[in-house]
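Work through the exercises below with the sequence and the structure open beside you. Try each task before you read its solution.

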2 protein chains.
Amino acid sequence: MNGVRPNILAMKGYVPGEQLNDPDIVKLNTNENPYPPSPRVFEAIRTALTADKLRKYPQPLGDTFRQAAGRVLGVEPDSILIGNGSDDILTILTRTFVPEGGRIVSPTPSYILYRSLAEIQGARFETIRFGEDWKRFSGPWPAPGANLAFLPNPNSPSGTMLPVPVVLKLAGDVNALVLDEAYADFADWNGLALLPRVPNLIVTRSFSKAYSLAGIRFGFAVADPAIVREIVKVKDSYNCDVLSLAAATAAVEDQDYFRGVKTKVLATRERMRRELGELGFEVTPSHANFLWCRRSDRPVKPVYEELKQRKILIRYMNYDGYDGLRISVGTDEEIDRLLAELNTIL
Amino acid sequence: MNGVRPNILAMKGYVPGEQLNDPDIVKLNTNENPYPPSPRVFEAIRTALTADKLRKYPQPLGDTFRQAAGRVLGVEPDSILIGNGSDDILTILTRTFVPEGGRIVSPTPSYILYRSLAEIQGARFETIRFGEDWKRFSGPWPAPGANLAFLPNPNSPSGTMLPVPVVLKLAGDVNALVLDEAYADFADWNGLALLPRVPNLIVTRSFSKAYSLAGIRFGFAVADPAIVREIVKVKDSYNCDVLSLAAATAAVEDQDYFRGVKTKVLATRERMRRELGELGFEVTPSHANFLWCRRSDRPVKPVYEELKQRKILIRYMNYDGYDGLRISVGTDEEIDRLLAELNTIL
């Protein structure tokens, strides 16, 4: 296509994820939450559903949400930037910190979006493999002087977390460190406490996982207000709509409901870890709402394919020959069905 | 801020538009539609408001919307790209066509976002002034070889349209021509018919104006499917949420309602043109849902300020000394109040 930047032309075409419409499908492939959002979310959307709210522009900075989230997380509202999903936030951060020809670093195997963001920006993308235990790297990190590092914590597909010293070391090596905490709501700790002592740290969060709101697209960043004052320049003026803002505000305010969902997800995660282990999978201990499962006795791709034929959708992932299955935590009924089918297949 | 790109650091801080919460305010400053969205929009949002829709990711390409809009506009669904407001589309187009150090051209006075998009991308921004009648340029256009041109049609703040030959000439001069048709729903003609013969043309549309949906953030682009296949790589995977998609689909399908709203807006626009003219304003004939008003006998900024004190919000705009008032078309009751206050002030 004439006029399109060469870095965009060189990118592979977009392949939408598997979205089968059959209501009978057990969907354990994209880490959506199997439980509904808080009842307060529905109430808040219904309340916001007025002619006046729909026809007028929404709050550009989401002040009502920032105040609510600030109270819940114990941070200042002006340290929060709202986003149209945390992907929007990751895009904004890339554009703020990385010039064309700049450098983005990230561990691998990890979230494939990071490479796409580098490609769109015309930046170099450098990776280093995780070590066997996912808690360190397998060699020296190529970070020094990089414009930006993406560090997912917990990581996908492994569900593992890097210890604080590794995070701090990396923050010292790069211009800006993005701690992608899309799954941190399921973990025992997170990076918010590090913010006051690490001025170049940006923590990002999502409402798609723990808050059961993948459909409404909402995420946010927490960082030093001096950083927020810069990254806000890069976002679209009205990047979050009035219904999503209402939903996210209600969701974050209902921490009791959130804790209830978290408890159920963690209980099922533990059950899956145990029972998948008994079926012969090597299951990595997870801090997220999914499990990374491998086998040394047989290839796992056929397992994925056989499950799909039986209307159970999980994720087969292959990173340069290192492959495995990423299985989202579902309801106990969904996991009953998964385990029953696996019993038959194996 | 350490690590932030110099082009971002150099940008002015974000200044949110005036959003007064007083329900008594007559808001004629941001070209929102004074009428409610179609009743079918409310119905569609209520129908989409289920736990399953909220907790799952939405359609990445908005296929249901693309089919509906394709039918209404008479274009192929795969020539449509969905966006989180048309600002999202303009951002995506900039990132697809303009490298750092590239060139964006645009007429002036016009939409100030175009300059911000160039600044964020680290590109040069070149403008040329409109001629007196807004239908040509006041000198040679600095376009040849530019990566991208933004051409708003109708233009803001003037509400005027460039004739087809001017559009075609410019398309021949630049790599990609974006015809920003945020206000085209209020005009007599638009650029969709040009698409088959101008392969580097991209038409963008908004639901914030004619469809009374500024609150839900939805816009789209129409272009050759070969262009759509490239720009889709640059958008966030799930850039539109499930409720906005439902709302936009219902709105575009209710063309009877849209025509009713358009008829009312155009009637009030004609009345405003006439009565503001009688009050001594030089009113530019408008193809949009606002009017550009100037005076040769006195400065207009005090008029804006006095109206604001009387709880009527319009827009005072100043482009390097060339200034005027941009007044959105409101309901007839709102315009009664505007005209009564203007009578007192003048």
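The exercises that follow deal with the contact between two chains, the nonpolar cores and two single residues.

This is a predicted model, in which local features need pLDDT of at least 70 and side-chain atom pairs count only at pLDDT 80 or more, while totals for chains, interfaces and linings use all residues. Residues are numbered from 1 along each chain as its sequence is written, chains are lettered from A and ligands numbered from 1 in the order in which they are written, and side-chain values use heavy atoms, with hydrogens and water left out.

**Exercise 1.** Describe the interface of chain B and chain A, beginning with its area.

Solution. The size of an interface is often given as the accessible area lost when the parts come together. Buried area (the accessible area, with a 1.4 Å probe, that two parts lose on being put together, summed over both) comes to about 6400 Å² between chain B and chain A, and carbon and sulfur atoms give 58% of it. Of the area that chain B buries against chain A, B:Arg55, B:Tyr57 and B:Arg95 supply 12%, more than any other three residues.

Next, count the residues: with contact taken as heavy atoms within 4.5 Å, 73 residues of chain B are in contact with 73 residues of chain A. Finally, look for charge pairs: for salt bridges (a side-chain nitrogen of Lys or Arg within 4 Å of a carboxyl oxygen of Asp or Glu), the rule finds zero across this interface.

**Exercise 2.** Find the residues with the most contacts inside the largest nonpolar core.

Solution. A nonpolar core is a set of buried Ala, Val, Leu, Ile, Met, Phe, Trp, Tyr and Cys residues joined through side-chain atoms within 4.5 Å, where buried means under 20% relative accessible area, exposed over 50%, and partly exposed in between (1.4 Å probe, protein chains only). The largest such core has 175 residues, and those with the most contacts inside it are A:Phe65 and B:Phe65. Beyond four places in sequence, the residues that B:Phe65 touches include B:Ile80, B:Phe207, B:Leu245 and B:Val252.

**Exercise 3.** Is A:Phe290 buried or exposed, and is B:Asp185 buried or exposed?

Solution. A:Phe290 has a relative accessible area of 0% and is therefore buried. Beyond four places in sequence, its contacts include A:Asn31, A:Tyr183 and A:Arg326. A:Ser156 is 134 residues away from A:Phe290 in sequence, yet 8.5 Å away in space, C-alpha to C-alpha.

B:Asp185 has 9% relative accessibility, so this residue also counts as buried. Beyond four places in sequence, B:Asp185 is in contact with residues including B:Arg205, B:Tyr211 and B:Lys262.
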